[in-house]
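Visitor: Got a minute to walk me through this one? I'd like to start with the strands.
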Amino acid sequence: MIRVADLETMDRAALVAAWTDRFGTAVPKGLSMVFLRRFLATKIQTRQSGGLSRQVEKALKQPADKASARTTPAPGLKPGGRLLREWNGVTHVVEVTDGGFLWKGESWRSLSAIAREITGAHWSGPRFFGLTGKAAS
């Protein structure tokens, strides 16, 4: 049985053999020795601690888009809501949708991207639209 401490002294051939033994597949093409060691260490530690929790297993089996998707664009914002912000004499209206935000007829996933588009500078979108405790300038 390989220990995590053993991984540091193993050459690539030994790491590949350990990968094949642990995962039952070929090593992904181009995977560096650093990542081989990290993945193997994680696998060893997971087995030693009794495996992954059901919640983690379930999350790993979901497609990436579902695992990262939110039901609302941001905490406290609900679809149908509107955000207003005046900038340089122009009032900007952003509508909250199920998948993000609607501004000037275009869909956006991020308030920060909209704020950056409006100002030409990096802004925290929630701060720019007054959703945080800090006042926007």
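Guide: Sure, and keep in mind that this is a predicted model. β3 and β4 pair in the antiparallel sense, over three bridges.

Visitor: Which residue of β4 stands opposite Phe101?
Guide: That's Trp108.

Visitor: And what's going on in the hairpin of β3 and β4?
Guide: Two residues sit between the strands there, and Lys104 takes a positive phi near 55°.

Visitor: How many bridges join β2 to β3?
Guide: Four, and those strands run antiparallel. The hairpin that joins β2 to β3 goes through two residues. In that pairing, Val96 is the one opposite Phe101.

Visitor: OK, switching to the inside. How many residues has the largest nonpolar core?
Guide: It has 16 residues, and those with the most contacts inside it include Val94, Phe101 and Phe129. Two or more residues each come from β1, β2, β3 and α6. The largest share is from α6, with five residues.

Visitor: What does Phe129 touch, leaving aside its neighbours within four places in sequence?
Guide: Leu83, Arg85, Val94, Leu111, Ile114 and Ile118.

Visitor: Is there anything about a second core?
Guide: Yes, a separate one of 11 residues, with Leu7, Ala18, Leu36 and Ala41 among them.

Visitor: Back to α6, then. Which of its residues are buried?
Guide: Leu111, Ala113, Ile114, Ala115, Ile118 and Thr119. Their cover includes β1, β2, β3, β4 and α7.

Visitor: And the ends of that helix?
Guide: At the start of α6, a side-chain oxygen of Ser110 comes within 3.1 Å of the backbone nitrogen of Ser112. Just after α6, Gly120 has a positive phi of about 80°.

Definitions and conventions
Residues numbered from 1 in each chain as written. Predicted model: local features only at pLDDT ≥ 70, side-chain atom pairs only at ≥ 80, totals over all residues. Heavy atoms only, no water. Core = buried A, V, L, I, M, F, W, Y, C linked by side-chain atoms within 4.5 Å. Buried < 20%, exposed > 50% of the residue type's maximum accessible area, 1.4 Å probe, protein only. Contact = heavy atoms within 4.5 Å. Polar contact = N/O pair within 3.5 Å; in protein donor to acceptor, adjacent residues only side chain to side chain. Pairing = 2+ DSSP bridges.
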